[in-house]
Amino acid sequence: MRAENGPVTGPGGDTVAAVVRQWQAVRPDIDTGPMEVIGRINRCAALLQQAEDAPLRRAGLTRAEFDLLGALRRTGHELTPGELARETFSSGAAVTKRLKQLQERQLVDRRADDRDRRVAHVRLTDAGRELVDAILPEQLAYETVVLSVLDGDVQGQLSSLLGELLARLEGRLGVRRG
């Protein structure tokens, strides 16, 4: 069933269920179980990010720029561009480009290392810290509203299961945080 000007949905009301039924109709020989999990994770992530990015757009930031600012804010100290790349799962070149833009907006400062002038240390400016501190509560309030459709126990179970999946994927892919 096609919602007016929208995606195909099924009686369950979720787009992935409809996609799975379509695949099962044309390819009943394949197991669509992984699609039911990964498809839903991807669809939820896309919808959540779309809405969460609204405060960023109003502030003139991209998600990637906010991730850099957030990494600096949550760690509470200067980081090198390499450390920021690891914190945000970005390439060094992408971090360098974003830092240049953030520095032009006076949201971050860079200083050369005292011992090795090739190494830069990046810190938030007061304006950068104020911007992060203004945006984060708005994003968390939105997330609270979104998750309010699930009771606390279900939220805890979902968090635990997703944490387990993420830890296994990070271990399998050789990605370690911390």
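**Salt bridges, core and surface patch**

At 30% relative accessibility, D109 counts as partly exposed, since the partly exposed class runs from 20% to 50%. The model described here is a predicted one. D109 forms a salt bridge with R123, and their closest N and O atoms are 2.8 Å apart. D109 belongs to strand β1 and R123 to strand β2, so this pair ties together parts that are 14 residues apart in sequence. R123 is also partly exposed, with a relative accessible area of 35%.

Strand β1 takes part in another such pair. R111 forms a salt bridge with E78, the closest N and O atoms again being 2.8 Å apart. Here E78 sits in the loop between α3 and α4 while R111 is in strand β1, so the pair ties together parts that are 33 residues apart in sequence. Both partners are partly exposed: the relative accessible area is 27% for E78 and 36% for R111. Side chains of opposite charge can pair when their charged atoms come close. In total, 14 salt bridges are counted in the model.

A further salt bridge lies within helix α3. R63 pairs with D67, with the closest N and O atoms 3.9 Å apart. Both residues are in α3, four residues apart, or about one turn of the helix. An α-helix has 3.6 residues a turn, so residues three or four places apart point the same way. D67 is partly exposed, at a relative accessible area of 29%. Salt bridges with shared partners join R63 and D67 to E52 and D53 in one network.

Within that network, E52 lies in helix α2. E52 has 12% relative accessibility and therefore counts as buried, the limit for that class being under 20%. Apart from its neighbours within four places in sequence, E52 is in contact with R63, Q139, Y142 and E143.

Helix α3 itself covers residues 63-75, which makes 13 residues. At 1.5 Å a residue, α3 should span 18 Å, and its end C-alpha atoms are 18 Å apart, which agrees. The buried residues of α3 are E65, F66, L68, L69, G70, A71 and L72. These buried residues pack against helices α2, α4, α5 and α6 and against strands β1 and β2. Just after α3, G76 takes a positive phi of about 75°.

The interior can be followed from the same helix. The largest nonpolar core has 21 residues, and those with the most contacts inside it are L61, L69, L84 and V108. Elements giving two or more residues to this core are α3, α4, α5, β2 and α6. Helix α3 provides the largest share, five residues. L61, leaving aside neighbours within four places in sequence, is in contact with L56, F66, L69, L102, R105, L107, L131 and I135.

Nonpolar side chains also appear on the surface. V37, I38, I41, L158, L162, L165 and L169 form a nonpolar patch there, with about 530 Å² of accessible area together. The elements that give two or more residues to this patch are α2 and α7. Helix α7, residues 152-172, supplies the largest share, four residues. One residue of the patch, L169, is found in helix α7, and at 38% relative accessibility L169 counts as partly exposed.

Technical notes. Residues are numbered from 1 along each chain as its sequence is written. This is a predicted model: local features need pLDDT of at least 70, side-chain atom pairs count only at pLDDT 80 or more; totals for chains, interfaces and linings use all residues. Side-chain values use heavy atoms; hydrogens and water are left out. The expected span of a helix is 1.5 Å times one less than its number of residues. Buried means under 20% relative accessible area, exposed over 50%, partly exposed in between (1.4 Å probe, protein chains only). Contact means heavy atoms within 4.5 Å. Patches are made of residues with over 30% relative accessible area and no salt bridge: like charges are joined within 9 Å, nonpolar side chains (Val, Leu, Ile, Met, Phe, Trp, Tyr) within 5 Å. Accessible areas come from the Shrake-Rupley method with a 1.4 Å probe; for residues, only the protein chains shown count as cover. A salt bridge is a side-chain nitrogen of Lys or Arg within 4 Å of a carboxyl oxygen of Asp or Glu. A nonpolar core is a set of buried Ala, Val, Leu, Ile, Met, Phe, Trp, Tyr and Cys residues joined through side-chain atoms within 4.5 Å.
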